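Here are some short exercises to work through with the model open beside you. Try each task before you read its solution.

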Amino acid sequence: MEEQLAELAAKVAELEAASAGANNTIFAELYYYLTIPLMVIIHAGFLAYEMGASRQKNVLASGIKNILAFAFMVPGFYFIGWWIYWAFPTGLSMSAGPWGISGAEYAAFALPWSESMGPYIGDNATGVFFGAFTLFAATTASIFSGAVIERIQVVGFTILALLLGAVCWILGAAWGWHVDGWLVTGFGYHDFGAAGVVHMVAGFFALGVLINLGPRIGKFNADGSANAISGHNLPFTLTGLMLIIVGFWGFLMGCVILPGEAWSWYGDQWATIYGTPMTLSAMTFNILMGFAGGIIGAWMFTRDPFWMMSGALGGIISCAAGLDLWWPPTAFAVGFVGAAIMKPSADFLEKMGIDDAVGAVTVHGTLGLWGVLAVGIFASGYPALQIAEGQEMAYISIVGQAVGAIVMFALGFVPGYVLSLILKMMGLLRVGEGAEIAGLDPTKVPSIAYPEGITQSNTPAE
Amino acid sequence: MGSPLESFDGFEGAYYTGAGSGEMIWLIIAIALCVAALVMGARHELDAYKKADKK
């Protein structure tokens, strides 16, 4: 009898091991086939969005800038970003957190010369997980990219994008988007869909840069009033925004820990990055409701298709931090309110002399802030994480969300402001006046966007 | 450099080119290529802006 029981136990263990292996394969393949390609679509969207928002004389230069940010982010994140995420969750001390999946010792696997950072028989997951995080990093760069079109130097921009994507946001992610992150364990910070760690950091990084970069020539009149500088192709911009929405399904799936994968807490339950249970159903309900609330709210307040599609994105960003928790009608209202905030926020920035060409500070910074605070206002009291043995539980609260928001703002704004100031002093931030007036395409791009059509810009500043 | 193994039979572990011997060299080369691309890009760009300012 005992022998038979031992045999049975061995068989069960064997089956469990096989099942875990199968789940790991499914996880790796899901990320490989779905999450990462969908996140690449985000970049197709940002490319179209940004080029459409540029005047004809700058359209290819804007495209080059956007493509380069993506390309440089990949090695940049490989060299340092991936390691930062695992090394710094508990703060700058690089000590291990309660779950032991953080700190200098644990993060050694993510060092760029580690054997795990290349083809390794028996490890299907590390590369695809790295890939998803790299695409998050590239998304931060694309968010920042649109704000500064038509007057930033491409190399200066690339250096700034590398700081944002390979250092700033991922430090925010280590602190507030990791089960050992000090904002999570200490303050119960909850940011399921990265409203703070991606959108706020990128949006306010852009604000820091815009202050030093200055407005485009012709944007403001001598009396301080602003002129509208229309992009050359609004339909292209709208299509780009819709592509970003498509890609967001992959982006948000990248925020989910699948059951049975190497990092998962459960064999049969989807989880947030904090180890709290969630469902794909919740995410689907709330992405769609936030999306709809954002469009309808923007239509009600602006009647403008640009803001309506920005509202779609803004509605999702407003709901992102609590996508795992919202009652869907609440998600709709949170998205709606986010859309209502957009135009006043953009107008306020313009009054302050900030020329944000695509509204990136508003859509990602301001609405990311709203999204983080909304969780504190409407979802306080939930357990914020899966605790390790002996660890004290932290709960979602308005104070924790406010602390997180302050940290995310600082992680974006301060480095953006300081590095752009340094680049400005080195003459690497803004293009020359002659180039800006003539257009960046004829100045430095060896191709023509529309060799056979579309009329030229009316005036140098228009 | 080259292959780190003589047979795949029963092999488990890192199998990329130069595993265990050449990582640091290629890492430095990759970083240097990025830096070189940025330096040359900045030169091209600043020259272009100077020419545009002279027009």
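**Exercise 1: Neighbours in the core**

Find the residues that A:Ala206 touches, leaving out those up to four places away in sequence.

Solution. This is a predicted model. Start at A:Ala206 and collect its partners: A:Ile143, A:Phe144, A:Ala147, A:Val148, A:Ala360, A:Val361 and A:Gly416. Next, place A:Ala206 in its surroundings: together with A:Phe144 and A:Val201, A:Ala206 has the most contacts inside the largest nonpolar core, a set of 155 residues. Finally, look for the main contributor to this core: helix α4 (residues 154-176) of chain A supplies the largest share, 16 residues.

**Exercise 2: The shape of chain B**

Compare chain B with a compact globule of 55 residues.

Solution. Begin with the elements: chain B holds one helix and one strand. Then take the radius of gyration, which is 21 Å for chain B, against near 10 Å for the globule. The box around its C-alpha atoms, along the principal axes, is roughly 70 × 15 × 15 Å. As for burial, 7% of the 55 residues in chain B are buried.

**Exercise 3: Where the chains meet**

Describe the side of chain B that touches chain A.

Solution. First, count: 22 residues of chain B contact 24 residues of chain A. Second, assign them: β1 (13-14) and α1 (23-54) of chain B each give at least two residues, and α1(B) gives the most, with 14. Third, sort this side by class: 15 nonpolar, two polar and five charged residues. Last, check the strands: β1 (residues 120-121) of chain A and β1(B) run antiparallel, joined by two bridges, and A:Ile121 stands opposite B:Gly13.

Note on methods. Residues numbered from 1 in each chain as written. Chains lettered and ligands numbered in written order. Predicted model: local features only at pLDDT ≥ 70, side-chain atom pairs only at ≥ 80, totals over all residues. Contact = placed C-beta atoms within 7 Å. Helix = DSSP H or I, 4+ residues; strand = E, 2+ residues; numbered from the N terminus. Nonpolar A, V, L, I, M, F, W, Y, C, P; charged D, E, K, R; others polar. Pairing = 2+ DSSP bridges. Core = buried A, V, L, I, M, F, W, Y, C linked by C-beta atoms within 7 Å. Buried ≥ 20, exposed ≤ 12 C-beta atoms within 10 Å, placed from the backbone. Rg over C-alpha atoms; globule rule 2.2 N^0.38 Å.
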